[in-house]
Amino acid sequence: MSIRVCDIMHNGVITCSCEESLRNVAAMLSDNQFRSVVVVNENGEVWGLITYMELLAHFQEDAGVIQACQVMRPYRIEVDPQWPIEKAIELMNKLKYYHLIIVDPHVGTRWPVGMLTSFDVVRYMSHLESGHFASFLKLHRQESAGH
Amino acid sequence: MTDKAKDLMRRGAITCNEDMSVRSVAQIMVVNRLRYTVVINKQCELKGIISADSILRAYAKDIDSLRAKDILDTCTFTTTPATPLQEAIALMKKRKIEHLIVVGDPPRDRSVLGILHASDIVRSMAQRVKGEGI
């Protein structure tokens, strides 16, 4: 059975308004250990994306006066959660966009419902489920102890 | 005011051997919640770096027989602990990369000392902000 985007994406995204200051965006990313913030318009629809790279460009500037809409990367890609994962990966590799915002087409607006990143795909490819982390770590410790 | 790479770098780096399978490398990254791993050879010399994006490009291939050396990015960008932070950030922006490998004093010493990651720089931005807000 083909794997779909919704099977491995993570649900929920962190959003900010177009007027949000860059200092708040940096704090959002840092506090939540996220790599990207979705910029939404007044209707809650996807407008743009801010990742580490956009923030790095303004490291020395006063982040309190810069607004999110001034630095965001405009985002116009639409990815359906029902897409086969191969189609999403092909798009990532082609566009070199490693954060795909997933919108639900049945809602009728471009509300973000989740995100698919290259790390989500790596987690799927590793064949490690969340519950297996402990046993994997234990195995490594035993190997280390044996040396 | 922070102005050197050593002030924000993470000491040490999770490494993998160039002969490991790509699936094992993916497992190391997932377990350690990292989006990259430094690749070394048997002599512990730096060979390159593998990011989540590199593994993504190997999707649909046999990642059990594919080795780390087959997909690693040999074009690694390095910095030293004494490099001014501005210089390191400029390199990251220019090359559009989120991490720099921190090595000893090149060319004599090429040992991996740690990683300077964009998330650490963003955290410093957020902390600076909080400090100013008080």
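In chain A, four strands form an open sheet in the order 2-3-4-5, and the pairing within this sheet is mixed. The model described here is predicted. Chain A also holds an open sheet of 3 strands, ordered 1-7-6, in which the pairing is antiparallel. Chains A and B meet in a contact to which 28 residues come from chain B and 28 residues from chain A.

**The sheet of 4 strands in chain A**

- The edges of the 2-3-4-5 sheet are strand 2 (15-17) and strand 5 (73-74) of chain A, each of which pairs on one side only.
- Strand 2 of chain A runs parallel to strand 3 (residues 36-40) of chain A, and 3 bridges join the two.
- Within this parallel pair, Thr15(A) lies opposite Val38(A) of strand 3.
- Helix 2 (residues 22-32) of chain A packs on the sheet, where it touches strand 2, strand 3 and strand 4 (46-51) of chain A.
- The direction of helix 2 of chain A makes an angle of about 135° with that of strand 3 of chain A.

**The sheet of 3 strands in chain A**

- Strand 1 (10-11) and strand 6 (99-103) of chain A are the edge strands of the 1-7-6 sheet, and each pairs on one side only.
- Strand 6 of chain A pairs with strand 7 (residues 112-117) of chain A in the antiparallel sense, over 5 bridges.
- His99(A) has Thr117(A), in strand 7 of chain A, as its bridge partner.
- In general, strands of a sheet pair through backbone hydrogen bonds, in either the parallel or the antiparallel sense.

**A hairpin in chain B**

- Strand 3 (residues 36-40) and strand 4 (residues 46-51) of chain B form an antiparallel pair with 5 bridges.
- Tyr36(B) has Ser51(B), in strand 4 of chain B, as its bridge partner.
- The hairpin made by these strands of chain B has 5 residues between the strands, and Cys44(B) there takes a positive phi near 65°.

**The contact between chains A and B**

- Each chain's share of the contact is 28 residues.
- On the side of chain B that touches chain A, the elements giving two or more residues are helix 2 (22-31), helix 3 (52-56), helix 5 (85-95) and helix 6 (118-133) of chain B.
- Helix 6 of chain B gives the most to this side, with 8 residues.
- The residues that chain B brings to the contact divide into 17 nonpolar, 3 polar and 8 charged.

Definitions and conventions: Residues numbered from 1 in each chain as written. Chains lettered and ligands numbered in written order. Predicted model: local features only at pLDDT ≥ 70, side-chain atom pairs only at ≥ 80, totals over all residues. Pairing = 2+ DSSP bridges. Contact = placed C-beta atoms within 7 Å. Nonpolar A, V, L, I, M, F, W, Y, C, P; charged D, E, K, R; others polar. Axes fitted to C-alpha atoms, helices over the stretch in contact; angles between N-to-C directions.
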